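Subject: Handing over a structure, with notes on its spaces and helix contacts

Dear colleague,

I am passing on to you the structure shown just below, and I would be glad if you kept it open while you read. My notes follow it.

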Amino acid sequence: MVMRIAIDAMGGDYAPDEIIKGAIEASEHIDADLILVGDEKKIYTLYSPDYLSNKNITVYHCSEIIYMDEIPSKAILKKRYASIKVAFELVRHKKADAVISAGNSGAFVTSAVLNLGLIRGIEKPAIASILPGKSSAFILIDSGANVDCKAQHLYQFALMGHALAVSYLNIDTPKIGLLSIGEESSKGNRLVKEAYKMLQHSPINFVGNIEGTVLFDSLVDVVVCDGFVGNVVLKTCEGIAQYVKDLVLQEIKKHINSEHETQKMLKRLDYEEYGGGIILGVNGLGIICHGRSSAKAIKNAVIMAFHFLKNKIIDKILLELNRINNRSVGESYGGV
């Protein structure tokens, strides 16, 4: 069966131009039907229906947009035909299998929960971002879905991060670290200390606190934090990566003879190579991209979604959650 991926054509700082370009570029690498959800007049002004059809891309018209500065909960209620909301409705009605958006992240999360529902035992969804480490990639969870969390939510994020590492990164026993201001169990605020105690008794491989200074040293496979901290970390890392690329590009070229090696090194610093963050905890697949995403980021997000669907990663995550839950006798996913 051909996979169908709904793309929020109106979400993001450079929509719809870069979003459509990204969809077109992705269509050349995957065998899937892509659905651009948005204002068909604006879309067809840029590309004709025939051209898009030849790329296995169709348009699902909706007339409204949720902008970055809008309050998600109010916008979702007010705007019945908002592109991000309609995209998730397509998944709910089995007309699409996944959603890609570079739009309002709060509206993305709210739409996902309302249309797909939370999986059993999970109280809050989380966004998992896959980042490059020194020797291997690692998962940062939550990277922006929840500003305010309780300890049991961090516990649940850790379980979902574990399941993603097993299912997608193919790590049998991933190391789970809790982001804090020191390695000692006594370090951190009340939230971190309470989560630490819960994770000590979890069925996963919790190795303790990890500090920001060693975040990229490949000491752990999953870094757990609340969404406020995670989003600050993510955006700081993106800013530093761009700064380093801009600052040393010419110097690197002087010392590396191979242009290919230079580009390979810079590629590791480019957050757009990683597509976007995956929302975990809902009954379906959604990928949220940076608001400033270019066509390249959208292309990579679509390709990521395709591989998630092809390899049934969401089903594998649910199976892994059930497996570790069964190992923890008398406990729910929330550990309470």
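A word on naming comes before the findings: helices and strands here are DSSP runs, with at least four residues for a helix and at least two for a strand, and they are numbered from the N terminus. Please also bear in mind throughout that this is a predicted model.

**Enclosed cavities**

Over the whole structure, the search finds 3 cavities of 30 Å³ or more. The largest cavity holds about 60 Å³ of space, and strand S10, which covers 277–280, and helix H12 each give at least two residues to its lining. H12 makes the largest contribution to that lining, with 3 residues. If you would like to find the place in the model, the residues that line the largest cavity are Ile119, Met160, Ile279, Leu280, Gly281, Val282, Gly284, Ile314, Ile317 and Leu318. By class, this lining consists of 8 nonpolar and 2 polar residues, with no charged ones.

The second largest cavity contains about 50 Å³ of space, and among the residues that line it are Asp8, Met10, Gly11, Ile65, Ile66, Ser83 and Ile84, together with Ser101, Gly103, Asn104 and Ala107. In the lining of the second largest cavity, 5 residues are nonpolar, 5 are polar and 1 is charged.

**An open pocket**

Turning from cavities to pockets, I looked at the second largest pocket, in which about 530 Å³ of space lies. Its lining is made up of 20 residues, and those nearest the centre of the pocket are Asp97, Gly284, Leu309, Ile314 and Asp315. Two or more lining residues come from each of strand S1 (3–8), helix H5 (83–92), helix H11 (295–310) and helix H12 (313–327). H12 gives the largest share of the lining of this pocket, namely 4 residues. The lining of the second largest pocket divides into 11 nonpolar, 2 polar and 7 charged residues. Gly284 and Ile314, named here as lying nearest the centre of the pocket, also appear in the lining of the largest cavity.

**Two helix pairs**

Two packed helices are described by the angle between their axes and the distance between the axes, and I give both values for each pair below.

Helix H1 (residues 17–27) and H11 have axes that come within 7 Å and cross at roughly 45°, and these two helices are therefore oblique to each other. The crossing of H1 and H11 is right-handed. On the H1 side the contact is made by Glu18, Ile19, Lys21, Gly22, Ala23, Glu25 and Ala26, and on the H11 side by Ala295, Lys296, Ile298, Lys299, Val302 and Ile303. Sorted by class, the contact between H1 and H11 has 7 nonpolar, 1 polar and 5 charged residues.

The other pair is helix H7 (residues 151–167) and helix H8 (residues 190–200), whose axes come within 8 Å and cross at roughly 50°. H7 and H8 are therefore oblique to each other, and their crossing is right-handed. H7 contributes Ala151, Gln152, Leu154, Tyr155 and Ala158 to the contact, while H8 contributes Leu191, Glu194, Ala195, Met198 and Leu199. The contact of H7 with H8 comprises 8 nonpolar residues, 1 polar residue and 1 charged residue.

With best wishes

Technical notes. Residues numbered from 1 in each chain as written. Predicted model: local features only at pLDDT ≥ 70, side-chain atom pairs only at ≥ 80, totals over all residues. Heavy atoms only, no water. 1 Å grid on protein atoms, 1.4 Å probe; cavity = no way out; pocket = protein on both sides within 12 Å on 5 of 7 lines; lining within 4 Å. Points joined across faces, edges and corners; volume = space filled by probe spheres on them. Nonpolar A, V, L, I, M, F, W, Y, C, P; charged D, E, K, R; others polar. Axes fitted to C-alpha atoms, helices over the stretch in contact; angles between N-to-C directions. Parallel < 35°, antiparallel > 145°, perpendicular 65-115°, else oblique. Left-handed = near helix turned anticlockwise from the far one by under 90°. Contact = heavy atoms within 4.5 Å.
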